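Student: Can we go over how the labels in this model get decided? I'd like to see the reasoning behind each one.

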Amino acid sequence: MTLKLPWNIRSPTVPRYLGWINYWSAAAAEVIGFPDPSRDAELLARARRTASGGWVVRLTDTPLDLDNPTHLEALKWAYERFPEIGGRAEA
């Protein structure tokens, strides 16, 4: 399934794409199902909770480099884990 263009994602709560460092409000985290301790242990090791209940999450320890196979796999995994991001979740 492909990503939707950002302007075709109807919910303003859902993040439109993933980056190296992501901020997810408390509402966004709830919509995408983060955190799930059984599935998100690796992300939680690189995440911190904000005072407002949101999350700052790094996908990798170093800046995202799509020429690095490990980083590319981390990005692909994250899109599979959070299908709401990018508008690929079933409606």
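Student: What makes Arg-46 and Glu-42 a salt bridge?

Tutor: This is a predicted model, and in it the closest N and O atoms of Arg-46 and Glu-42 are 3.9 Å apart. The cut-off is within 4 Å, so the pair is called a salt bridge.

Student: Why is Arg-46 called buried or exposed?

Tutor: Arg-46 has 13% relative accessibility. Buried means under 20%, so Arg-46 counts as buried.

Student: And how do you know which label Glu-42 gets?

Tutor: Its relative accessible area is 58%. Exposed means over 50%, so Glu-42 is exposed.

Student: What about Asp-61 and Arg-58, why is that pair a salt bridge?

Tutor: Their side chains meet at 4.0 Å, N to O. Since the rule is within 4 Å, the pair is listed as a salt bridge.

Student: Why do Asp-61 and Arg-58 get the labels they do?

Tutor: Asp-61 is at 54%, and over 50% means exposed, so that's its label. Arg-58 has 27%, which falls between the 20% and 50% cut-offs, so Arg-58 is partly exposed.

Student: What makes Arg-81 and Asp-40 a salt bridge, and where do they sit in the chain?

Tutor: Their closest N and O atoms are 2.8 Å apart, so they meet the 4 Å cut-off. Arg-81 is in helix H3, while Asp-40 is in the loop between helix H1 and helix H2, 41 residues apart, so the pair links distant parts of the chain. Both residues are buried.

Student: How many salt bridges does this rule give?

Tutor: Five.

Key. Residues are numbered from 1 along each chain as its sequence is written. This is a predicted model: local features need pLDDT of at least 70, side-chain atom pairs count only at pLDDT 80 or more; totals for chains, interfaces and linings use all residues. Side-chain values use heavy atoms; hydrogens and water are left out. Helices (H or I, at least four residues) and strands (E, at least two) are DSSP runs, numbered from the N terminus. Buried means under 20% relative accessible area, exposed over 50%, partly exposed in between (1.4 Å probe, protein chains only).
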